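Q: I'd like a close look at one part of this model, the packing on the inside, and then a walk outward from there. Could you keep it connected, so that I can follow along on screen?

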Amino acid sequence: MFKKILIANRGEIAMRVIRTCKEMGIKSVAVYSTADAESLHVRFADEAVCIGPAPSSESYLKMSNIIAAAEITNADAIHPGYGFLSENAKFSKICEEHEIKFIGASAEMIDRMGDKASAKSTMIEAGVPCVPGSEGIIPDFKTCIKVAKETGYPVMLKASAGGGGKGMRAVWKEEDLQNAWESARQESKAAFGNDDMYMEKLIEEPRHIEIQIVGDSNGRACHLSERDCSVQRRHQKLTEETPSPFMTDELREKMGEAAVKASEYIKYEGAGTVEFLVDKHRNFYFMEMNTRIQVEHPITEQVVDYDLIREQILVAAGVPISGKNYIPQLHSIECRINAEDPYKDFRPSPGKITNLHLPGGHGVRIDTHVYSGYTIPPNYDSMIAKLITTAQTREEAINKMKRALDEFVVEGIKTTVPFHRQLMDHPDYVSGNYTTKFMEDFEMKEPED
């Protein structure tokens with residue numbers, strides 16, 4: 001087992017990893033930028049190393065500084081969390097070269113699954129259902145027209161190196177294809193330095209449902225059931241739940257089998273997520289694989305009583321998995337609390353938290369790194385906490401979430417707490433009748449004086 005793990009991340013996920021390290025008797029090393037000197041992960045780790053100034057390009061993305069921090073503290077493993085370098089093949093390879101265990105996917109695996117066109121062709125080989133569309137990268141616009149005709153409109157153009165909705169364009173008719181092709185490529189080039197595009201059939205009324213998997217070094221994998229991540233804004237998840245209100249026992253079995261098949265086909269090692277689009281007829285299609293821990297992993301932990309970070313560490317240390325598939329025994333919902341103003345188009349709201357009261361009680365979990373007096377820097381993602389409620393039924397979990405949100409007090413900045421409180425009363429959400437298009441028609445009700 002590892003003696004010391006460096007966490008190459010910040011915020012709540014760094015705190016999350018530190019907690020599991022302490023429970024496993026493993027020393028932890030926090031790294032931080034100058035903007036994060038007062039963050040809780042710096043205070044609670046056994047050691048902390050400043051790795052640079054506020055911009056992430058000069059700190060949390062600076063591979064040489066992170067490796068140097070690991071070497072001077074004698075860390076024998078690095079946990080990358082999510083975001084930043086968690087799916088960076090070069091960083092995974094550098095860790096290997098320095099004989100530091102990267103608690104995540106190998107460079108080869110990240111390369112294979114990180115490029116969406118490559119991942120799709122791999123999944124077709126594995127026999128996993130995929131959305132009809134191009135076979136790999138579209139070389140030119142002439143081919144683009146041909147593929148769109150063969151696939152049938154509407155289609156979705158996607159950046160091969162994409163993420164966060166950048167480089168994506170829905171096209172409903174041929175006359176709009178050229179504009180979409182050009183603008184998507186320009187956006188992708190600007191965001192990722194790569195303008196390679198591929199195309200898929202546009203799935204109407206889709207739900208975004210992902211399956212949590214864990215694979216070991218022996219090539220075996222298991223799944224821990226699904227999470228419904230359909231409530232999104234600009235392709236960014238806002239809330240997630242498990243089990244999905246759209247799920248049936250038969251569909252769960254099929255999707256679980258497909259996710260395990262995908263993982264074992266590529267001999268995936270570690271915790272990962274196989275993401276699917278599910279249409280209104282409950283046909284499901286592979287979308288992508290995330291080769292890291294997900295933001296929303298706590299709801300899976302709550303319903304199957306399973307520490308995913310602990311399992312990541314064990315698998316990285318060579319411990320085999322049990323091979324058992326898990327079915328949710330409870331219902332859990334996560335609301336991402338962001339420092340944003342939902343009444344002003346979710347405008348970021350960094351600044352000092354002057355007063356903070358966190359909810360508690362049975363079935364309420366909060367993963368956070370903030371406290372009263374903490375200043376949220378403007379340099380990073382705006383998420384400041386994850387509020388998770390767990391209960392016997394979905395109705396009870398929603399009622400518990402309403403109560404917890406009512407108790408959640410953050411002063412000095414704006415947060416998305418009011419959005420989530422209104423969401424929990426929305427008839428379509430309450431009935432479980434929502435898709436990835438849900439937020440297009442959602443309107444915040446102004447607060448009463």
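Which residues touch the most other members in the largest nonpolar core? And what else should I look at once I've found them?

A: Bear in mind that this is a predicted model. The largest nonpolar core has 53 residues, and the ones that touch the most other members are Leu-6, Ile-78, Phe-91, Met-255, Phe-276 and Phe-286. Met-255 is a good one to click on. Leaving out residues up to four places away in sequence, Met-255 touches Ile-209, Ile-211 and Met-247, along with Phe-276, Val-278 and Phe-284. Phe-276 therefore turns up twice, as a contact of Met-255 and as one of the residues with the most partners in the core. There is also a second core, separate from this one, with 39 residues; Met-15, Ile-353, Leu-387 and Phe-442 are among them.

Now zoom out to the whole chain. Its secondary structure adds up to 14 helices and 24 strands. The radius of gyration is 21 Å, close to the 22 Å that the globule rule gives for 449 residues, so the chain is as compact as a globular protein of that length. Measured out along the principal axes, the C-alpha trace spans about 60 × 60 × 40 Å. Of the 449 residues, 58% count as buried. Take the contacts with a separation of 6 or more: 66% of them are between residues 24 or more positions apart.

What about the cysteines? The disulfide count comes to zero. The sulfur of Cys-229 has its closest cysteine sulfur in Cys-335, and at 13 Å that is too far for a bond; the cut-off for a disulfide is 2.5 Å. Looked at from the other end, the closest cysteine sulfur to that of Cys-335 is the one in Cys-229, again 13 Å away and too far for a bond. Cys-229 is buried, with a relative accessible area of 0%, and Cys-335 is buried as well, also at 0%.

Next, a small sheet that is easy to trace by eye. Three strands make up an open sheet in the order β7-β6-β8, with antiparallel pairing. β7 (169–171) and β8 (197–201) stand at the edges with a single partner strand each, so one side of each has no neighbour in the sheet. On average, neighbouring strands here are turned by 25° against each other, direction ignored. Strand β6, residues 155–159, is joined to β7 by three bridges, and the two run antiparallel. If you want a landmark, Leu-157 stands opposite Arg-169 in β7. Helix α7 (residues 141–151) lies across β6 and β8, and runs at about 15° to β8.

Follow the chain from that helix towards the sheet and you meet a cis peptide bond between Tyr-153 and Pro-154, with omega at about 0°. Pro-154 sits in the loop between α7 and β6. Another cis bond runs from Thr-242 to Pro-243, with omega near -5°. This time the proline, Pro-243, is in the loop between β13 (239–242) and α9 (249–265).

Two backbone angles deserve a look too. Ser-225 has a phi near 70°, a positive value in a residue other than glycine. Ser-225 lies in strand β10 (residues 221–228) and is buried, with a relative accessible area of 1%. His-235 isn't a glycine either, but has a positive phi of about 65°. You'll find His-235 in the loop between β11 (232–233) and β12 (236–237), where it counts as partly exposed at 43% relative accessibility.

One last stop is Glu-58, in the loop between β3 (47–52) and α3 (63–72). At 38% relative accessibility, Glu-58 counts as partly exposed. Setting aside its neighbours within four places in sequence, Glu-58 is in contact with Ile-51, Gly-52, Pro-53 and Asn-65. For a distance to check on screen, the C-alpha atoms of Glu-58 and Ser-33 are separated by 8.5 Å, while the two residues are 25 apart along the chain.

How values were computed: Residues numbered from 1 in each chain as written. Predicted model: local features only at pLDDT ≥ 70, side-chain atom pairs only at ≥ 80, totals over all residues. Heavy atoms only, no water. Pairing = 2+ DSSP bridges. Helix = DSSP H or I, 4+ residues; strand = E, 2+ residues; numbered from the N terminus. Axes fitted to C-alpha atoms, helices over the stretch in contact; angles between N-to-C directions. Contact = heavy atoms within 4.5 Å. Core = buried A, V, L, I, M, F, W, Y, C linked by side-chain atoms within 4.5 Å. Buried < 20%, exposed > 50% of the residue type's maximum accessible area, 1.4 Å probe, protein only. Rg over C-alpha atoms; globule rule 2.2 N^0.38 Å.
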